[in-house]
Amino acid sequence: FRLRAKRMSKDEYCAVDSTSISTYGFHLVDIRWGHNKEHLPLKQTLEVIVYSLTSHLPIFYLELPGNEPDSRTLEMIVTELGHMGFKNIILITDRGYESMANLEMCIAKGQKIITSVKCGQGEVLKTIKSIDMSTGVPEGMSFSKETKLFYKQYDLDYQVKGNGDHVIKADRLKLNLYFDIHKRADDLARMQMAIADQKEVLQAVLEAGKTIPKEDRDSFKRENNLMKIA
């Protein structure tokens, strides 16, 4: 891997991925702490790989206990890549690796990263709420004919506290937002259908004068979760 690091070009894009593997073995150290997420009676390991999107060859491999969440492995991956001599590479991850701690770690270390984020994340949600949707389309966003998506890139100002009074400012932190007007319409239609179906169920219960047994009330509320049931 150190020899391969010498052949890597600057700002090369590298994908980060992981998968859990169940095992019937007993002797690997990592399986002693790895528990199956599907609650099967099997131990498992987490196999992490980083590979170049140019050569499609792996540049890093790591085995971890199977119950290690992705978000807790990113700092370890970045540190190990630095020890192996991989400098100035751009990591691409899915949103399983996204967390505020990881974002601040990448800013502090100057690690370039492209990642997906959850819409409920603080800065993302604030930006989404600032978009005017009164006309049914997001004001100020551009439209792509090829993808049929609205899109816009936002510059974010973010700072990380370092040692003492030292403050590290994020270098070119950007947020890309995409909006699918057709998916949004489908989601709204499905929600209205669910509301109508649940109203019919509750109306039938009221008209029949039924009392929901105490042991079934929690499941009844879950099944009709769009209604407020007293």
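Start by colouring the charges: the protein carries 33 positive and 32 negative side chains, and the centres of the two sets sit 3 Å apart. Keep in mind as you go that this is a predicted model.

**The whole chain**

Now switch to a cartoon view. You should find six helices and 10 strands. The radius of gyration is 24 Å, while the globule rule gives 17 Å for 230 residues, so the protein is more spread out than a compact globule. Turn the model around and you can follow its C-alpha trace over about 75 × 55 × 45 Å along the principal axes.

Try a surface next. Its accessible area comes to about 16100 Å², and carbon and sulfur atoms account for 55% of that. As for the inside, 28% of the 230 residues are buried. If you draw contacts between residues at least 6 apart in sequence, 51% of them link residues at least 24 apart.

**Stop one: strands S1, S2, S3 and S4**

Select residues 13-23, which make up strand S1. S1 has two partners to look at here. With S2 it pairs in the antiparallel sense, over 10 bridges. To see one pairing up close, pick Thr19, which stands opposite Glu47 in S2. With S4, S1 pairs in the parallel sense, over three bridges. Here the residues to click are Tyr13 and, opposite it, Ile90 in S4.

Move along to S2, residues 43-52, and S3, residues 58-65: seven bridges hold this antiparallel pair. Val48 faces Leu62 of S3 across the pairing. The two strands form a hairpin with five residues between them.

**Stop two: two loops with a positive phi**

Stay in the loop between S2 and S3 and select His56. What is its phi? It is near 65 degrees, a positive value in a residue other than glycine. Most residues other than glycine have a negative phi. Is His56 buried or exposed? His56 counts as exposed, because its relative accessibility of 59% is over the 50% cut-off.

Then jump to Asn88, in the loop between H2 and strand S4 (90-93). Asn88 is another non-glycine residue with a positive phi, near 55 degrees. With a relative accessible area of 42%, Asn88 is partly exposed.

**Stop three: helix H3 and its cover**

Select residues 100-109 to light up helix H3, and show the side chains of Asn102, Met105, Cys106 and Ile107, which are buried. An α-helix has 3.6 residues a turn, so residues three or four places apart point the same way. What covers the buried residues of H3? The cover includes helix H2 (74-83), strand S5, strand S8 (159-161) and strand S9 (167-169). Just after H3, look for Gly110, with a positive phi of about 70 degrees.

**Stop four: the loop after S5**

Pick Val117, which lies in the loop between strand S5 (112-115) and helix H4 (122-129). Its relative accessible area is 31%, so Val117 is partly exposed. Which residues does Val117 touch, leaving aside its neighbours within four places in sequence? They are Arg95, Glu98, Val124 and Leu175. For a distance to draw, join the C-alpha atoms of Val117 and Asn176: these residues are 59 apart along the chain, and the atoms are separated by 9.9 Å.

**Stop five: strand S10**

Asn176 and Leu175 both belong to strand S10, residues 174-179, so select that whole strand now. S10 has two faces to compare. Leu175, Leu177 and Phe179 are on the covered face, while Lys174, Asn176 and Tyr178 are on the uncovered one. Add strand S7, residues 149-155, which runs antiparallel to S10 and is joined to it by six bridges. Within this pair, Phe150 stands opposite Phe179.

**Last stop: helix H5**

Finish by selecting residues 181-208, helix H5, and then Val201 within it. Val201 is partly exposed, at a relative accessible area of 39%. Setting aside residues up to four places away in sequence, Val201 touches Phe220 and Asn224. Draw one more C-alpha to C-alpha line, from Val201 to Asn224: the two are 23 residues apart in sequence and 8.5 Å apart in space.

Definitions and conventions:
Residues are numbered from 1 along each chain as its sequence is written. This is a predicted model: local features need pLDDT of at least 70, side-chain atom pairs count only at pLDDT 80 or more; totals for chains, interfaces and linings use all residues. Side-chain values use heavy atoms; hydrogens and water are left out. Helices (H or I, at least four residues) and strands (E, at least two) are DSSP runs, numbered from the N terminus. The radius of gyration is taken over C-alpha atoms; the globule rule is 2.2 Å times the number of residues to the power 0.38. Buried means under 20% relative accessible area, exposed over 50%, partly exposed in between (1.4 Å probe, protein chains only). Contact means heavy atoms within 4.5 Å. Accessible areas come from the Shrake-Rupley method with a 1.4 Å probe; for residues, only the protein chains shown count as cover. Lys and Arg count as positive and Asp and Glu as negative; His and the chain ends are not counted. The place of a charge is taken as NZ of Lys, CZ of Arg, CG of Asp or CD of Glu. Two strands pair if DSSP finds at least two bridges between them.
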